[in-house]
Amino acid sequence: MTEPGVWRAVQHIRQVLLCFVFLEGSLVLSETWSYSVAEEMETGSSIANIIKDMGVGDLAARGARVIFDDYQPYLRLEPETGNLLLNEKLDREALCGTSEPCILHFQVLLENPLQFFQAELLVEDINDHTPTFLEKLIFLNISEGASPGSSFQMASAQDLDVGMNGVQNYTISPNPYFYLKLKDNGKGRKYTELVLDGSLDREKEPAISLILTALDGGSLPRSATALIQVVVVDVNDNAPEFERTPYEVQVPENSPVDSLVTKVSATDLDTGVNGEISYSFSHVSGDVWKTFRIHPVSGEVHLKAPLDFEVIQSYTINVQAIDSGSLSGKSAIIVQVIDVNDNPPEIVFASLMSPIPENCLSEMVVAVFSVRDQDSGDNGRMLCSIQDNLPFLLKPTFKNFYTLVTENTLDRERRAEYNITITVTDMGTPRLTTQHTITVQVSDVNDNAPAFTQTSYTLFVPENNSPALHIGTISATDSDSGSNAHITYSLLPIQDPQLDLASLISINANNGQLFVLRALDYEALRTFEFRVDATDQGSPALSSQALVRVHVLDVNDNAPFVLYPLQNASAPYTELLPRAAEPGYLVTKVVAVDSDSGQNAWLSFQLLKATEPGMFSVWAHNGEVRTSRLLSERDAPKHRLLLLVKDNGDPPRSASVTLHVLVVDGFSQPYLPLPEVARDPTHDDDDLLTLYLVIALASVSSLFLLSGLLFVGVKLCRRARAASLGSCSVPEGHFPRHLVDVSGAGTLSQSYQYEVCLTGVSDTKDFQFLKSVSPSHEVVNFMEENSTSVNGLGYN
């Protein structure tokens with residue numbers, strides 16, 4: 001690229017395109033984009049444009065971001081333009097110290113789809129620091145016997161800048177005795193030696209003052225000065241010598257302050273004052289000066305500040321031994337800092353998605369994070385893991401980046417939230433572990449239909465209920481949440497066109513309460529059923545159905561109705577009673593029905609009033625009116641009986657029946673008509689209808705009796721063929737008085753079948769009903785006195 005401050009490791013875009021082709025859509029591109037910036041450049045300065053350089057677009061939609069290895073926001077990215085801008089002023093000395101070059105590695109992360117671009121930023125040094133001498137006043141003792149050409153090492157000036165901006169030259173004030181000789185220590189740093197140019201004469205000049213000036217190589221050079229005080233001493237012809245050179249020691253980085261690093265030792269062949277040695281550092285850097293100290297007499301080197309392997313891994317300490325005659329010996333101490341596992345792993349998240357839908361696809365990216373350990377070797381190697389039995393996986397992607405992805409689809413109804421603990425452990429001794437817990441919530445999808453608590457509901461409603469009566473509640477549950485679990489109830493249409501469900505039943509759409517809209521009549525509608533639909537509010541909506549059966553309970557709201565004898569006729573109905581009737585003679589039978597059911601339809605009969613009490617009796621359960629004794633000549637020929645028909649409801653309801661009985665001496669006598677009653681012309685039509693009904697009832701009864709007699713006669717004839725006797729025994733006695741009609745429909749009981757035996761000798765054509773063929777009835781024995789005992793409307 002040709003823009004100022006930017007340089008590229010790859011010059012042609014064609015090479016970038018070829019890289020994409022060979023990687024075939026890989027997550028990480030092998031190419032590294034290199035950029036440079038001068039330190040102290042203003043915030044907001046443009047460094048590069050990644051849209052042009054890396055050939056990517058739509059940065060905002062893809063979630064582009066810049067991540068440095070030390071996670072500091074040195075640069076910021078404008079997603080709209082693709083410009084990389086300085087987020088803050090950069091200080092090369094603070095970032096890299098004396099290291100050269102100062103390179104900050106970073107990645108451009110695109111989240112959707114996931115893709116990494118490697119890049120590096122070179123921070124270029126500017127001349128913003130002035131050289132300094134650690135000691136402003138330097139004392140130097142030189143023997144007067146020193147020969148010209150002798151050199152004496154001088155303290156170096158310190159400059160935080162590097163390269164050409166560092167110290168490049170030294171000068172000394174003009175004098176006739178010394179000049180400077182500039183040397184390089186092999187690591188790019190220059191130091192100077194003071195060289196004796198002529199002989200010294202202590203008697204002529206015992207001390208010499210010099211000004212030492214250090215200059216850097218910036219475009220606008222900066223300088224520093226120090227005063228050298230040279231003291232001319234007597235002759236000392238033996239310089240001290242160290243036992244070893246260099247000294248090599250290893251010190252753990254967790255060594256406490258003031259701990260002993262090593263001890264140096266030197267000897268001097270001179271004696272007396274000239275043999276006394278003092279130790280000191282020579283030409284040391286600021287880091288050494290701040291971290292170590294040396295005892296001038298014992299030569300012990302101690303820690304003055306803590307060590308940190310992650311900052312500096314080794315130190316080179318130049319030491320010198322100077323005797324009293326200013327002769328010196330030189331050596332070096334090489335201190336290797338031993339790494340200890342004192343830094344736990346670090347976890348930094350780049351992105352986290354929560355909540356995630358429960359129907360998400362497998363290997364959906366949930367989180368992107370990186371791990372780092374500032375230790376080295378095994379202390380810096382890390383293992384990353386999550387808990388077992390979770391539907392998530394950890395996948396390493398690029399360098400120290402990991403992605404947390406789903407292993408398979410989720411089910412919010414089983415678990416709506418996951419607390420995922422990411423554990424990073426290094427391999428040091430002891431092992432250090434860092435844990436970070438993230439919460440991933442699962443959002444609901446409408447995948448569960450409402451479920452009723454029962455597949456069918458049975459409700460009971462008494463008839464004659466009040467309108468809008470609450471008869472019950474149906475309930476459904478939905479294991480989804482939110483609107484997906486909000487249930488609405490409704491009635492489904494029924495296929496019975498005769499039943500208007502909408503006018504009969506209503507349902508509360510919110511809580512499922514059922515109401516009867518109008519009063520029900522058991523006699524008109526005993527039971528009905530319909531279906532209820534429960535629908536949630538999801539998209540798409542899901543529903544289920546339940547069957548509801550409603551049974552109407554009977555209430556005793558109908559009085560018994562007398563079918564026979566009819567009570568609405570204009571003239572009372574009269575029964576004929578032979579005067580020669582035996583006790584228990586069946587005069588007539590009152591037939592009544594009740595529209596209710598159950599015990600509300602159980603009828604009982606009672607004789608309330610009679611012309612002659614004690615002459616007639618009524619069976620309580622079947623309504624048969626019979627004579628209680630023999631009739632005499634003194635008994636009245638006409639009798640009026642008042643009967644009460646009552647049901648078994650609570651409260652009971654009843655109807656009254658009036659019977660007229662006419663006692664005759666024989667059925668051959670002419671019928672004695674009763675006095676006529678004046679007729680109301682308005683009742684003629686009703687009387688005619690009543691007559692038709694009675695005639696129809698009599699016809700059906702006659703056919704039924706004839707069929708029964710024919711069946712019994714055939715059966716008896718078959719028995720007679722096998723029997724040796726031509727007669728049959730007839731059990732005597734009256735009807736038992738505890739017979740009960742349990743048909744539920746009044747006194748009209750089920751079909752009765754009787755075995756009939758004709759008497760062998762009979763002048764009056766008598767016949768006997770022997771016993772009921774049906775097993776549900778007891779034995780009945782009675783005899784009709786006259787087979788022609790028939791009234792005008794039917795038979796008794």
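Before I turn to the structure itself, let me fix one term: a residue counts as buried when its relative accessible area is under 20%, as exposed when that area is over 50%, and as partly exposed in between. Asp 258, at 45% relative accessibility, therefore counts as partly exposed. Please keep in mind throughout that what we are looking at is a predicted model.

Let me stay with Asp 258 for a moment, because its side chain meets that of Arg 293 in a salt bridge, with 3.0 Å from N to O. This pair links distant parts of the chain, since Arg 293 is in strand β22, residues 292-294, while Asp 258 is in the loop between β18 and β19, and the two are 35 residues apart. Arg 293, at 36% relative accessibility, is also counted as partly exposed.

How many salt bridges are there in the model? The count comes to 18, and another of them joins the side chains of Arg 65 and Glu 111, at 2.8 Å from N to O. Arg 65 lies in strand β3 and Glu 111 in the loop between β6 and β7, so this pair ties together parts that are 46 residues apart in sequence. Both partners are partly exposed, Arg 65 with a relative accessible area of 30% and Glu 111 at 27%.

A further salt bridge is formed by Glu 413 with Arg 412, whose closest N and O atoms are 3.3 Å apart. Here Glu 413 is partly exposed at 24% relative accessibility, whereas Arg 412, at 13%, counts as buried. There is also a network of salt bridges, which links Arg 92, Glu 93 and Asp 125.

Turning to the cysteines, the structure holds one disulfide, formed by Cys 96 and Cys 102, with their sulfur atoms 1.9 Å apart. Is this disulfide right-handed or left-handed? The torsion about its S-S bond is about 65°, so the disulfide is right-handed. Cys 96 and Cys 102 are both buried, and Cys 360 is buried as well, at 4% relative accessibility, while Cys 717 is partly exposed at 47%.

Finally, I would like to show you one of the sheets, an open one in which four strands follow the order β35-β42-β41-β38 with mixed pairing. Its edge strands, each pairing on one side only, are β35 and β38, and neighbouring strands are turned by 30° against each other on average, direction ignored. Between β38 and β41 the pairing is antiparallel and runs over five bridges, and Ser 490 stands opposite Asp 533 in β41.

How values were computed:
Residues are numbered from 1 along each chain as its sequence is written. This is a predicted model: local features need pLDDT of at least 70, side-chain atom pairs count only at pLDDT 80 or more; totals for chains, interfaces and linings use all residues. Side-chain values use heavy atoms; hydrogens and water are left out. A disulfide is a pair of cysteine sulfur atoms within 2.5 Å. Buried means under 20% relative accessible area, exposed over 50%, partly exposed in between (1.4 Å probe, protein chains only). Two strands pair if DSSP finds at least two bridges between them. Axes are lines fitted to C-alpha atoms, for helices over the stretch in contact, and angles run from 0 to 180 degrees between N-to-C directions. A salt bridge is a side-chain nitrogen of Lys or Arg within 4 Å of a carboxyl oxygen of Asp or Glu.
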